[in-house]
Structures are given as C-alpha cells and as structure tokens.
Amino acid sequence: RFAGCQTPIILAPMGGTASGRLAAAVSNAGGIGLVGSGGHTIDFLRTEWRAAQTCKHNADLLGFGMNIKSLDSLPADTLGDLVRELRPAHVYLSFGSLEKYAREVLDNGAALYSNAGDVAVALQHASHGATCVVLQGSDAGGHTHHRASLMALLPECRSALDDAGFTETLLVAAGGVADGRGMAGSLVLGADAVILGTRLAAAEESDYSDTQKAALVQAKDGANTTTLGFFHDALLGIEEHSSGLPGRCLITDSSALQRRWEQADAAEREAIKKEHQNSGRETTWAGAAVGLIKRVQPAAEILNEVTREAVTALQGGNALVKAA
C-alpha cells in the first residue's frame, strides 16, 4: 500500500542520526528514507536534503521529519514554503496536533505521517488527515510515550481506525522492531509498515559516530542495558525535550552520576555536566531491541536482510497455524 516501495520499511527521522546520506540509501534500497531535523534549524534540514540529492536515491521514497513544537515557534507559512521548496514525497510531523499543518503537507502532494502513543491520539491524527499514523510502542528509542507495547496497541488501533471509518489510513509500527521477526509480527498485528530506528542507526551511512555504532553492536539484553533518558537529556543541557517526553538510551558510566545530580544544587550540576563532557562518553539513543544488532552494515543490506527474515517468519507462522 506504499506506492513504489520494495519493502514496507521506513527510516525513523532521528535527529543526529538520519542524515541525508542515510535517507538516500534507504530510499535507493526500496524503503522510505526520512531525513531527520530534530534539534536543528531549517537551514540544517536544507543542507541534509541537498546531501541526499547528491547520493543515489529514489525521489518518490524520500522525505523529512520535523517536530511540531519547533514549527509552532516559526512563522506561520514555514512548513508550506519548505514543502514547496524541497518537494518531499513524505513528511513526518511529531509531537503535537496535525490540525494546523496537515493541509500544508497534503495540498502540496506529500504523504503525511504523525506519531501516536495511544489509540485516542491515533484517531485524532486520522481525523486531521494523516496518511499514515505511526504507532510508537514503549520499547522505542525515540522520544516516546512509554505507555504500552506494540503487541497491545496495534490490533486495537487498527480496529478502532476501521470502526471509525478510517479504513484507508495506514498504520505504521515503531518501537522494538529490529529484525524480520519484529517486522512480521507487526504486520500480522495490523501494521502496514514498520519504522526502523535503532537498527538503521547502526548503518554505515548513519550520522552516529563509530563509538556509538560500536556501543549498539556491543549492547545485549536491552531491558537491562537501556534506560529512559531524562538524566542524559539533562547532561546534554536539555532540561526537557520539546516533546516533553524522554527517549531511551544505552546505560553508560555517566548514568552512575544520576544520584549525585538529584541531590546537587545548580553549581554542582554544572560541574557534573562538565565531568560528563570531559569523559568523552557519548549518549547513544537506542530502543530496547538493541541486542538484536550484530554488526554495522550498509543500509541496503539491513533492509534486504530484515525483509528476507520477515518473509521466512511469516511463512513459518503460516505453517504453524496449519499444523494446529
């Protein structure tokens, strides 16, 4: 149902990770590549968009993501002007109401995505014209609601959308999908496509540093090696992310500073920030499925591998049901 896609995989538009180069590589491999702009300026997005154009890419599968709360602080016509200028095929708007911005995307020919952490918000986005609702479960590495898992959310949300008359609204699963088994499970539960974030953060074309990519590969048992990143945001000087929501990140030696932080005054907190910065440690945002990442790979190889695994898993599940 995603025209032109060879596989129903979408790159999460992660700020600091989803570069123009990575988005282009994903689109060229048959998935939807979204350039991330989180925490950056419009000029940064333009620069990364130009970088994508210089790489081999599929323009019909290329788009970008923006934070609605960031848009709220900009002049009223910013999004519409940007869509007309860059001509993306896909636009992903996060963390806010679509009502104010939907027509600026849809009237300029782009598909509109927006994320939700529960059924009520998914229905709201559909009523405002979302082409695709990205349902983000509690295992996600991105700034997420951490309310429920995809296992619970997807079937109910698909049924609720259909019952409300939004049968043409596509549903995309995000959070905890890192291999073909996760993709297959999401499709069976009602998704039309999946978001890959953490898995593609470990792609060769990702903007993550070599140290961060190595940390993703080394991490095991994401339930015990990741944590909600309120404290890590604070170490980066972000008292609260513009979404008002925490991300999930790998636990590092800096995580041990949290108890001191909670008891510290303003001056001591500045000292703790400097201690973290001088340590050379990097915050590595990652979902709970991080333990499934075995190596750094080209994006095309990741998409092909995940797709093959999904086909095998779906065929295996079909055989099990027939046997029963």
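**A walk around helix α2**

The side of α2 facing away from its buried residues carries R50 and T54, both exposed. Keep in mind as you look around that this is a predicted model.

Now turn α2 over. Its buried residues are I42, L45, E48, W49 and A52. Look down the helix axis and these buried residues sit within an arc of 120°, so they line one face of α2. What do they pack against? The buried residues of α2 pack against two helices, α1 (20–28) and α4 (78–86), and against two strands, β2 (33–35) and β3 (62–67).

The length of α2 can be checked too. The helix runs over residues 42–54, which makes 13 residues, and at 1.5 Å a residue they should span 18 Å. The C-alpha atoms at its ends are 19 Å apart, which agrees with that figure.

From α2, hop across to one of its packing partners, α4. Here the buried residues are T78, L79, G80, L82, V83 and L86. They pack back against α2, and also against β3, α3 (68–72), β4 (90–94) and α5 (102–106). So β3 turns up as a partner of the buried residues of α2 and of those of α4. Just past the end of α4, have a look at the backbone of R87, where phi is positive, at about 55°.

Next, the cysteines. How many disulfides does the count come to? The answer is zero. Take C55: it is in no disulfide, and the nearest cysteine sulfur, on C5, is 19 Å away. A disulfide would need the two sulfur atoms within 2.5 Å. With a relative accessible area of 25%, C55 is partly exposed. C249, by contrast, has 0% relative accessibility and counts as buried.

Finally, step back and take in the whole chain. It has 15 helices and 10 strands. Its radius of gyration is 19 Å, close to the 20 Å that the globule rule gives for 324 residues, so the chain is as compact as a globular protein of that length. Along the principal axes, the C-alpha atoms fill a box of roughly 60 × 55 × 40 Å.

How much of the chain is buried? Buried residues make up 51% of the 324. If you take the contacts between residues at least 6 apart in sequence, 64% of them join residues at least 24 apart. On the outside, the chain exposes about 14,200 Å², and 51% of that area comes from carbon and sulfur atoms.

Key:
Residues are numbered from 1 along each chain as its sequence is written. This is a predicted model: local features need pLDDT of at least 70, side-chain atom pairs count only at pLDDT 80 or more; totals for chains, interfaces and linings use all residues. Side-chain values use heavy atoms; hydrogens and water are left out. Helices (H or I, at least four residues) and strands (E, at least two) are DSSP runs, numbered from the N terminus. The expected span of a helix is 1.5 Å times one less than its number of residues. Buried means under 20% relative accessible area, exposed over 50%, partly exposed in between (1.4 Å probe, protein chains only). The arc is that of the directions from the helix axis to the C-beta atoms. Contact means heavy atoms within 4.5 Å. The radius of gyration is taken over C-alpha atoms; the globule rule is 2.2 Å times the number of residues to the power 0.38. Accessible areas come from the Shrake-Rupley method with a 1.4 Å probe; for residues, only the protein chains shown count as cover.
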